[in-house]
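Colleague: I am new to this structure and would be glad of a close look at one part of it. Could you take me through the sheet, and then through what lies around it?

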Amino acid sequence: MHFMKRSFNYFVVLFLLFSSAFSQTEIDTLLLKNSFNYGKSAAVFGGSVSVIPASDSAKILWEKYLGMTITNFGVGGAGFSSLQGKKTIPQQVDEAGVFDIYILWASTNDYTNNRAIGTYTDYTEFDNYDEKKLTTQAGGINYCIKKIYEINPQAVIYFFTSSKAFNDRGAYDPFHPQGMVHYVEMQKMICELHGLPVLDQFLLGGFNIYNKDLFYHDPIHMNVLGYKKIGELQVSFLAFQ
C-alpha cells in the first residue's frame, strides 16, 4: 500500500508538471520552487546510461523545472562491482567533492557482465566492512553510500535503479529466474537499509518490448525521446522528496 501511494504521488506530480492545463507560472508557484531540491547542486554517478549525450534530455528537465546544477561523474561501462569498468562507480564517488545531492544512477553493467549480486550486508558494519565484498554489486553500493557520507555528512543521496534493457529476456522480464530484476531488488534492499529514497526505473519507466523501438536507440541505451520520458519521471521523484 505504501509503494502504491508513493507511485500514485509521482504520477500526480507528472500530471501537474507536464499537463497543458497548468501554466509555467502556476507550476512554479504550486510545486517546484517549494521543492526541497529546488536550486540544489547534484552529482551524478553511473555508467553510460547516466552520461551519454542523449541523457542530457533528462537532465535538462531537472535544470528547467528544479533549477538544479548538475555535475556528471559517470563513465561508460562502469558498475558498482570493483571488477566492472575502467572507472567503477565507487571510484567515481572517490573523486567527488561536496554537493547538496548525490544521485547513484545504476547501470546494467553488473548484470550484463555477470558480476555477483551479493547480499545487502556486503561491506557494512555487519561484516566489519570486508573489502573482499567490494567485488559484488551490493558491496559497491554500500561503499558508495559510506564514502559519500564521509565526504559530506549532510549529504542527501538518491538512488535511480537500473532501467529495463532488451539485450536478452532477463534484462526486461521481471519474473526471469536469473534476470536483472534481482539486481534491482538488491539495489532497493540496500536503500531500505540506509533509509534512502529510491526511484524504481525498472518498474515505473514504462518501457517494454512493444515500445522499445520508439524509446531506445540500441538494446540498452535510450534515445532522446526515451530519456525525456524517464526524465519526466525523475523530475516528479526529485520534486516530491
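Modeller: Happy to. One term comes up early: two residues are in contact when they have heavy atoms within 4.5 Å of each other. Please also keep in mind that this is a predicted model.

Let us begin with the whole chain. The protein chain has 241 residues, and 54% of them are buried. Its secondary structure comes to 10 helices and five strands. Among contacts between residues at least 6 apart in sequence, 72% join residues at least 24 apart. The chain exposes about 11000 Å², with carbon and sulfur atoms supplying 57% of that area.

Now to the sheet. The five strands make an open sheet with parallel pairing, and their order is β2-β1-β3-β4-β5. At the edges are β2 (69-72) and β5 (198-199), each of which pairs on one side only. If you start from the β2 edge, you meet β1 (residues 41-46), which pairs with β2 in the parallel sense over four bridges. One place to find this pairing is Ala43, whose bridge partner in β2 is Thr71.

Move along to β3 and β4, which run parallel and are joined by five bridges. Here Leu104 stands opposite Phe159 in β4. On the way to the other edge, β4 and β5 pair in the parallel sense over two bridges. Phe159 appears again here, since it stands opposite Val198 in β5. So Phe159 is a handy residue to select: it has Leu104 opposite it and also Val198.

Strand β4 deserves a pause. Five of its five residues are buried, so β4 is largely enclosed by the rest of the structure. In a regular strand, side chains alternate between the two faces of the sheet. In β4, Val156, Tyr158 and Phe160 point one way, while Ile157 and Phe159 point the other way, and all are buried. Across β3 (101-105) and β4 (156-160) lies helix α6 (residues 137-151), which runs at about 170° to β3.

Just before β3 comes a residue worth a look. Glu95 sits in the loop between α4 (89-94) and β3, and with a relative accessibility of 49% it counts as partly exposed. Leaving aside its neighbours within four places in sequence, Glu95 is in contact with Phe73 and Lys87. The C-alpha atoms of Glu95 and Ile151 are 9.9 Å apart, although 56 residues separate the two along the chain.

Next, the loop between α5 (109-112) and α6, where you will find Phe126. Phe126 is exposed, its relative accessible area being 51%. Together with Tyr120 and Met189, Phe126 forms a nonpolar patch on the surface, and the three have about 300 Å² of accessible area together.

That loop also holds charged residues. Side chains of opposite charge can pair when their charged atoms come close. The count of salt bridges comes to 10. One of them joins Asp122 and Lys133, with the closest N and O atoms 3.9 Å apart. Both residues lie in the loop between α5 and α6, so the pair ties together parts that are 11 residues apart in sequence. Asp122 is buried, at 4% relative accessible area, whereas Lys133 is partly exposed at 28%.

Back at the β5 end of the sheet, Lys188 and Asp200 meet through their side chains in a salt bridge of 2.8 Å, N to O. Lys188 belongs to helix α7 (residues 181-194) and Asp200 to the loop between β5 and α8 (201-204), so this pair links parts 12 residues apart in sequence. Both partners count as buried: Lys188 has a relative accessibility of 18%, and Asp200 has 6%.

A last salt bridge to find is the one between Glu232 and Lys228, at 2.7 Å from N to O. Both lie in helix α10 (residues 224-240), four residues apart, which is about one turn of the helix. Glu232 counts as buried at 18% relative accessibility, and Lys228 as partly exposed at 39%. Elsewhere, salt bridges that share partners join Asp122, Asp127 and Lys133 into one network.

Technical notes:
Residues numbered from 1 in each chain as written. Predicted model: local features only at pLDDT ≥ 70, side-chain atom pairs only at ≥ 80, totals over all residues. Heavy atoms only, no water. Pairing = 2+ DSSP bridges. Axes fitted to C-alpha atoms, helices over the stretch in contact; angles between N-to-C directions. Patch = residues over 30% accessible without salt bridge, like charges linked within 9 Å, V, L, I, M, F, W, Y side chains within 5 Å. Areas by Shrake-Rupley, 256 points an atom, 1.4 Å probe, with all protein chains shown as cover. Salt bridge = Lys/Arg side-chain N within 4 Å of Asp/Glu carboxyl O. Buried < 20%, exposed > 50% of the residue type's maximum accessible area, 1.4 Å probe, protein only.
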